[in-house]
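Grab a viewer and work through a few exercises on helix packing, cavities and backbone oddities. Each task comes with a worked solution.

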Amino acid sequence: MQAWRVHRNGEPSEVMELEETDRSVPGDGQVLIEVRAANINFPDALLCRGQYQVRPPLPFTPGVEVCGVTGDGRRVLATPALPRGGFADYVVADETALLPAPDALDDAEAAALHIGYQTGWFGLHRRAHLRAGETLLVHAAAGGVGSAAVQLGKAAGATVIGVVGGPEKAAIARELGCDLVIDRRSEDIVAAVKEATGGRGADVVYDPVGGDAYAKSVKCIAFEGRVVVVGFASGSIPAPGLNHALVKNYSIVGLHWGLYNTKDPAAVRACHDELTKLAEQGAVKPLISERVPMADAARAVQRVADGTSTGRIVVMPAGGTR
């Protein structure tokens with residue numbers, strides 16, 4: 001089978017190599033899956049660079065989530081275990097962790113429903129307790145993680161303000177359903193949020209960016225607001241001023257979705273059931289900007305690493321038919 005492998009750390013376009021390799025052999029409690037679609041996530045770029053919190057042994061295959069078909073014909077979502085990730089024709093995954101792919105979504109959309117939307121759902125509902133009528137501020141609203149949060153926020157009945165970089169991404173954020181879009185390159189985020197909320201500020205901030213995005217967020221957070229720290233796509237990890245959180249009476253909550261797989265797997269399955277219902281209702285639908293063939297995976301991961309992509313880019317091996 002074909003698989004992309006990383007033999008040394010560096011930029012994805014430089015270190016990812018497409019190779020012929022043997023299929024993984026399922027162990028006890030595991031199943032072999034033919035990959036139909038493998039969604040690209042920012043952690044895939046961090047894995048290539050050796051900057052992710054998990055550092056698999058070299059060589060490894062990136063790709064943390066897939067939609068595929070099992071030997072008995074089930075269409076499933078899976079998070080294959082590293083070092084043999086999803087940018088391959090076949091992967092092995094634990095049977096107990098498989099989730100049924102929603103019939104309402106095609107293979108590429110289904111592959112993109114898993115980690116990003118689970119992260120958004122847990123962040124907004126379990127960690128921030130977002131309520132209907134509240135104002136949600138989403139950074140990188142046209143990206144893969146941000147676009148999921150926008151749709152989930154609207155489904156929850158929130159007013160959603162999306163922050164983007166550039167007019168092209170602003171147009172996408174509006175199409176996603178943002179009630180207000182702020183272009184951080186030409187507009188003052190803090191002033192725009194305060195104006196839109198009558199000076200109150202955002203009740204919940206969803207921040208997968210860190211750095212300056214976080215700094216701006218806490219300047220326009222509402223009384224009893226919640227800042228959900230999801231990641232640091234900017235490359236800059238902020239150092240929160242806890243005195244500021246005390247004086248303004250807001251909460252800073254972290255979200256590491258992967259922990260739920262071991263700490264509370266039942267919650268992950270319950271979340272998937274809810275996401276499946278939302279997909280069937282048309283309330284959420286992953287924004288797929290590109291479906292790329294296997295041969296173009298390295299270049300596609302590099303675009304995600306560089307922050308030039310919108311929505312989700314999904315790798316479609318030869319077996320992908322939808």
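The exercises below start with helix pairs, then move on to cavities and the backbone.

This is a predicted model, where local features need pLDDT of at least 70, side-chain atom pairs count only at pLDDT 80 or more, and totals for chains, interfaces and linings use all residues. Residues are numbered from 1 along each chain as its sequence is written, and side-chain values use heavy atoms, with hydrogens and water left out.

**Exercise 1. Work out how helix 4 and helix 5 pack, and which residues meet.**

Step 1: find the elements. Helices (H or I, at least four residues) and strands (E, at least two) are DSSP runs, numbered from the N terminus. Helix 4 spans residues 115-127 and helix 5 spans residues 144-155.

Step 2: get the geometry. Axes are lines fitted to C-alpha atoms, for helices over the stretch in contact, and angles run from 0 to 180 degrees between N-to-C directions. Here the angle is about 50°, with the axes 9 Å apart.

Step 3: name the arrangement. Angles under 35 degrees count as roughly parallel, over 145 as roughly antiparallel, 65 to 115 as roughly perpendicular and the rest as oblique. Helix 4 and helix 5 are therefore oblique to each other.

Step 4: list the contacts (heavy atoms within 4.5 Å). From helix 4, G116, Y117, G120, W121 and L124 meet A148, A149, Q151, L152 and G153 of helix 5. Sorted by class, that contact has six nonpolar, four polar and no charged residues. For the classes, Ala, Val, Leu, Ile, Met, Phe, Trp, Tyr, Cys and Pro count as nonpolar, Asp, Glu, Lys and Arg as charged, and the others, Gly among them, as polar.

**Exercise 2. Do the same for helix 4 and helix 11.**

Step 1: helix 11 covers residues 265-281, and it packs on helix 4 at about 100°, with the axes 10 Å apart. The two helices are therefore roughly perpendicular to each other.

Step 2: Y117, Q118, W121, F122 and R126 in helix 4 meet A267, V268, C271, H272, E274 and L275 in helix 11. The contact splits into seven nonpolar, two polar and two charged residues.

**Exercise 3. How many cavities of 30 Å³ or more does a search of the whole structure find, and what lines the largest cavity?**

Step 1: set the rules. On a 1 Å grid over the protein atoms alone, a cavity is a set of points where a 1.4 Å probe fits but cannot get out, and lining residues have an atom within 4 Å of a point. A volume is the space filled by probe spheres set on the points, which are joined across faces, edges and corners.

Step 2: the search turns up two cavities. The largest cavity holds about 50 Å³, and its lining includes M1, T21, R84 and Y90. Strand 6 (residues 90-94) gives the most to that lining, with three residues.

Step 3: the second largest cavity has about 30 Å³. Helix 4 and helix 5 each supply at least two of its lining residues, and helix 5 has the largest share, three residues. Among the lining residues are G116, Y117 and A148.

**Exercise 4. Which peptide bonds, leading to P59 and P83, are cis, and where does A140 lie?**

Step 1: the L58 to P59 bond is cis, with omega near -10°. P59 sits in the loop between helix 2 (42-49) and strand 4 (65-70).

Step 2: the L82 to P83 bond is cis, with omega near 20°.

Step 3: A140 lies in the loop between strand 8 (135-139) and helix 5, and its phi is near 55°, a positive value in a residue other than glycine.

Notes. 1 Å grid on protein atoms, 1.4 Å probe; cavity = no way out; pocket = protein on both sides within 12 Å on 5 of 7 lines; lining within 4 Å.
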